[in-house]
Structures are given as structure tokens and as C-alpha cells.
Amino acid sequence: VQLQASGGGLVQAGGSLRLSCAASTNIFTLSIMAWYRQAPGKQREFVASITSTHFAKYEDSVKGRFTISRDNAKNSVYLQMTSLEPEDTAVYYCYSQFEASVSWGQGTQVTVSS
């Protein structure tokens, strides 16, 4: 599975960004999709996930600010990020899982200035 993430950029604190991830797979509708992030000097961490039935989970620090969604017709998953904080600065990675098969995208940089 190839995952192509886009939508990162530089934004001021309090601003918004929308990340997109397009998947090249015919089993997208069966896959769990997620976003992870890795800040400089830190380990990669879970941000949000969404199942094939649109059940979403979030890391505590992004609850109420980030929204994950998916469009199965477009084989795409999105991360709408609002009220961004400097602590959200990281490379954001798209992730897919179907049974034992896991794939990662190449990452997109999000930088939030104070």
C-alpha cells in the first residue's frame, strides 16, 4: 500500500490546517487509517485513527481540536487541525492497517509558530 500525505505547512498558533492522505489500495474500505506525528527529538506518537465504520479515536491533547475523517470513495483520509499550538509542530505520518499489513506514508511537516 502506498500512502501519499499532503497539506502540511507553516501556520501561526491558533490557526488551522487540513492534512490529506491518498491510499493506493483496493482494500482501503476495510483498513484502519490513522495519523501519527514525530516532533524533533521525540518518538513517533499516535494522533488519531478511524475505522472502516468511521469510529474515531484521538490522543488526549488533540481531542476537541483535531478531527479525522475518511472518504472511502476517494481512498483518502483527512486530519482537520484547528486551534493549532506550537506543541503540534511535527512531521505527520499517514498510517494504514489491514489485518497484519501495516503501511506508512512519507510524512508531511507541520510547523506552528508562536
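User: Which residues does Asp 88 touch, not counting residues up to four places away in sequence?
Analyst: In this predicted model, local features need pLDDT of at least 70 and side-chain atom pairs count only at pLDDT 80 or more, while totals for chains, interfaces and linings use all residues. Residues are numbered from 1 along each chain as its sequence is written, and side-chain values use heavy atoms, with hydrogens and water left out. Asp 88 is found in the loop between E8 and E9, where strands (E, at least two residues) and helices (H or I, at least four) are DSSP runs numbered from the N terminus. Counting contact as heavy atoms within 4.5 Å, Asp 88 touches Arg 37, Arg 65, Phe 66, Ser 83, Val 110 and Val 112.

User: Is Asp 88 buried or exposed?
Analyst: Buried means under 20% relative accessible area, exposed means over 50%, and partly exposed lies in between (1.4 Å probe, protein chains only). Asp 88 has a relative accessible area of 1%, so the residue is buried.

User: Which strand gives the most to the largest nonpolar core?
Analyst: A nonpolar core is a set of buried Ala, Val, Leu, Ile, Met, Phe, Trp, Tyr and Cys residues joined through side-chain atoms within 4.5 Å. The largest one here has 26 residues, and those with the most contacts inside it are Trp 35, Leu 79, Met 81 and Tyr 92. Strands that each supply at least two residues of this core include E1 (2–6), E3 (17–24), E4 (32–38) and E9 (90–98). With 4 residues, the strand that gives the most to this core is E3.

User: Which residues make up the covered face of E3?
Analyst: In a regular strand the side chains alternate between the two faces of the sheet. The uncovered face of E3 has Arg 18, Ser 20, Ala 22 and Ser 24. The covered face has Leu 17, Leu 19, Cys 21 and Ala 23.

User: How many bridges join E3 to E8?
Analyst: Two strands pair if DSSP finds at least two bridges between them. E1 and E3 run antiparallel, joined by 5 bridges, and Ser 6 stands opposite Ser 20 in E3. E3 and E8 also run antiparallel, with Leu 17 opposite Met 81 in E8. The number of bridges joining E3 to E8 is 6.

User: Which parts does the disulfide of Cys 21 and Cys 94 tie together, and how far apart are they in sequence?
Analyst: A disulfide is a pair of cysteine sulfur atoms within 2.5 Å, and Cys 21 and Cys 94 are joined with S to S 2.1 Å. The link is left-handed, with -90 degrees about the S-S bond. Cys 21 is buried at a relative accessible area of 0%, and Cys 94 is buried at 0%. Because Cys 21 lies in strand E3 and Cys 94 in strand E9, the pair ties together parts that are 73 residues apart in sequence.

User: Which residues form one aromatic cluster?
Analyst: Rings of Phe, Tyr and Trp (its six-membered ring) pair if their centres lie within 6.5 Å; planes under 30 degrees apart count as stacked, over 60 as edge-to-face and the rest as tilted. The centres of Tyr 36 and Phe 46 are 5.7 Å apart and their planes are at 80 degrees, so the pair is edge-to-face. Tyr 95 and Trp 104 have centres 4.9 Å apart and planes at 70 degrees, so this pair is edge-to-face. One aromatic cluster is formed by Tyr 36, Phe 46, Tyr 95 and Trp 104.
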